Amino acid sequence: MLKNFLKIAWRNLLKNRTYSIINITGLAIGLSCFLLIALYVLDERSFDRYNANAANIYRINSDIRFGGGELHIPMTSDMMGQLLKKDYPQVEQYTRIYASSGSKLIKKGNEYITENDVANVDSTFFDVFTLPAIEGDTKTALNEPNTVVITESTAKKYFGTTHVLGKTIETNDHGGTSYKITAVIKDIPHNSHFHFDFLFSMKNVNYTWGQLTSHNFHTYLVLKKGTNYKDFEKNFDQYIEKYVLPFVKHFVQINSMDEFKKAGNKLEYSLIPLTKIHLYSDRSYELSPGGNIQYVYIFSAVALFILLIACINFMNLTTARSANRAREVGIRKVLGTERKNLIAQFLSESTLMAIFSLILAIFIDYFVLPIFNDVAAKSIRISSLFTPLILPLLITIPFVVGLLAGSYPAFFLSAFKPIEVLKGRMKQGSKSGNLRSILVVFQFATSIMLIIGTVVIYKQLNYIQTKDIGYNKSQVLIIDNAFALKENAEAFKNDVLQMNGVASGTMSGYLPVGNSSRSDNTFSKEAVLDFKNGLDMQAWRVDYDYIKTMGMQMVKGRNFSRSFGDDSNAVIINEATEKILGYPDPLGEKIYSTSPDNKTIAFHIIGVVRNFNYENLHQSIGPLSLFLRNSPGLISFKVNTSNMNGLVKQVEGKWQALAPGMPFSYRFLDQSFDEMYRAEQRVGKIAMIFSVLAILIACLGLFGLATYIAEQRTKEIGIRKVLGASVQGIIRLLSKDFMKLVAISFVIATPIAWWFMSKWLNDFAYRIQIGWWVFAMAGFMALIIALGTVSFQAIRAAISNPVKSLRME
């Protein structure tokens, strides 16, 4: 019986090649998109699950508000982990990562290489994270200072082999420090929220230990199995009262944390499960750019919608062609075929078509996956489809899709009454179109929502690019690793300033883009700091030409200047700080800070700089201050030249003369700015690609449906033409029903799309307003696309010779 079903199904596919091609192509594209997005979603949700103890590992997050300045960071003090382990038996182990030292210069031969993926970690790091060793013992590898663990690819890069135990690497630390390689581990998996090639001993960190209010360490806890982490979080208040409050009392007048909170301040700690960090955490100072669970939900919904659209095409075309098979059903029923066998026949046809579509979809994905990986910044392999997790889904898909897509046609066709059919009283497929109309509305409502979503994403990204951010990011050349110049840094800067096309230059590691320094400090309005007059704010070290080079604007007072003598105790604040301080005129007023040895230092305000966005636009502008201090990490130049490549070569030549053997690395400020929004740009591209594909699939179905309805009305069109109907009138006749469906789709899609995109925009502190024209444009585009798809068949039917269509009458 099954063989007979498959044979008939195969014959029907060959007999109706046009519709078979449309159905198989539409399903294949839909399945291809579904599988791609499924692989993307599974990859996003797999982060950090490679750790054997992943279910019990948590990171401590800190939320701090003091005097108007706010910090939401994934870091704690250096002491917090060990104090929690000492006091609470639920803590099985802890470890810390210190990544604030930035990049290192590693010597290879006679030259140095810039390595950015470096960190200092505790000796317990490998007790917490599952990173298998190839050489050495990771349990003891970092017990001593001047030791380092490197990855397999790093060992091959520097030594050509992984057998490197006992060998040393030389860095630029403190003028030159050698580290002994004590272990080699496998490369950290791509689906990890951190990626390091060098793991140095924590004992080499140059840090003032025991500062319970300085948060610079990523701290992870391993809680004992069965511990509810939400219940454990309740212990943090006790930890603050026992350790943090007594420490703070040394330099802040405060009696209790309740008093601190009542003044509008906040110090809170929380835990986030390791497996949620990638998708649920978007704090400042993350170890690597994370994902976004909203995008996972959105793309999952898009994958499902695209698959449904492809299935709807099949249902529409099959039910529309019901009249062509009605006589077959009638004869089979007269000959005694049971309805269940007819249902099985139609379901086997849809399943066979789904199998062909799946095979074609896998071939499509094989060729498309490299492009998708490039757009999505992934490294997914086609072999991932055949892993134990995906393979059952892959096997199930054609049967589920076949059942879903073929269910209605199977039950619809098998219910035909043989007497009605054989007498020719069976209504034509085009007349039983209520369900088809609903399905077409669903298809185009989904397409319109995707169009609106894509337009809003691109408008927001364009707004980010064009918004006045308070500084001029164009044509600013940044030279990285300026500390490699040592005492020649100032000479290098001055020599470059003499080059044609260089307008100004500044030496500061603090830039309003990613991959640069940040420093949060506590200040007060009074000489004695208390919980009412204090505030947390960014304190950046800059030089005389910083504001000029960055294109920032002074709104009050003056810039740092050599003409005014010593500005070492001067400070420039931004408008956000001015608002928090509340002075009618802040010029000449003082703010105070406390030195490490508890001495009070006064700074007089000499100017107010216009607010500028120093973090991405997801965050509002917080309080910030500029101090005249040495900060040699980066040197930036404002340039104005049409020969940028020539200028860069000149700068590189000067670098090599003053720092021979040291790597020359540069970038541009606008490129670093764009890097902060790379995730949104990727989402925009992916959304556009799948929107186009969803519309294409919908159009394939609409084209097939329009083709069949035109065939069904061939005689009607012939009669109308004989009676004098114009070509334009016939085109309107065939098109108007579809246009009504698109209009209904627009009405349904608009409020849903508005709600979803408003939620997405709420993640940005600075965002666009969704104008009415966005919805109008999406509706107009859908109308034009549908009209263009239907018109081809409508025009073809309208200009056909009526004699041919009526000759059999």
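## Briefing: strands, cores and a pocket

Strands E3 (residues 91-98) and E6 pair up antiparallel, with two bridges between them. Keep in mind that this is a predicted model. The protein has 809 residues, and 53% of them are buried. On the secondary-structure side, you get 25 helices and 24 strands. Among contacts with a separation of 6 or more, 80% come from residues 24 or more positions apart.

**Around strand E6**

- E6 covers residues 118-121, and both of its faces are covered.
- Val-118 and Asn-120 sit on one side of E6, Ala-119 and Val-121 on the other, and all of them are buried.
- On the antiparallel side of things, Ile-97 has Val-121 in E6 as its bridge partner.
- E6 also runs parallel to strand E11 (residues 198-201), and four bridges join the two.
- In that parallel pairing, Ala-119 stands opposite Leu-199 of E11.

**Nonpolar cores**

- The largest nonpolar core takes in 115 residues.
- Val-456, Trp-540, Phe-560 and Phe-690 are the residues with the most contacts inside this core.
- Helix H15 (residues 434-466) is the top contributor to this core, giving 14 residues.
- A second core, separate from that one, has 35 residues, including Ile-60, Met-80, Tyr-243 and Phe-260.

**A look at Trp-540**

- Leaving out residues up to four places away in sequence, Trp-540 touches Tyr-510, Leu-511, Pro-512, Arg-518 and Tyr-546, among others.
- Further along the chain, the residues touched by Trp-540 include Phe-612, Tyr-614, Leu-624, Ser-625, Leu-626 and Phe-627.

**The second largest pocket**

- If you're after a pocket to look at, the second largest one has a volume of about 610 Å³.
- It is lined by 25 residues, and those closest to the pocket centre are Ile-298, Ala-301, Val-302, Phe-756 and Met-757.
- Helices H10 (293-320), H15, H21 (678-712) and H23 (727-761) are the elements that each give two or more residues to the lining.
- H10 gives the most to this lining, with eight residues.
- Sorted by class, the lining of this pocket has 19 nonpolar residues, five polar ones and one charged one.
- H15 turns up in two places here: H15 gives the most to the largest nonpolar core, and H15 is also among the helices that line the second largest pocket.

Terms used
Residues are numbered from 1 along each chain as its sequence is written. This is a predicted model: local features need pLDDT of at least 70, side-chain atom pairs count only at pLDDT 80 or more; totals for chains, interfaces and linings use all residues. Side-chain values use heavy atoms; hydrogens and water are left out. A nonpolar core is a set of buried Ala, Val, Leu, Ile, Met, Phe, Trp, Tyr and Cys residues joined through side-chain atoms within 4.5 Å. Buried means under 20% relative accessible area, exposed over 50%, partly exposed in between (1.4 Å probe, protein chains only). Contact means heavy atoms within 4.5 Å. On a 1 Å grid over the protein atoms alone, a cavity is a set of points where a 1.4 Å probe fits but cannot get out, and a pocket is an open set with protein on both sides within 12 Å along at least five of seven lines; lining residues have an atom within 4 Å of a point. Grid points are joined across faces, edges and corners, and a volume is the space filled by probe spheres set on the points. Ala, Val, Leu, Ile, Met, Phe, Trp, Tyr, Cys and Pro count as nonpolar, Asp, Glu, Lys and Arg as charged, and the others, Gly among them, as polar. Two strands pair if DSSP finds at least two bridges between them.
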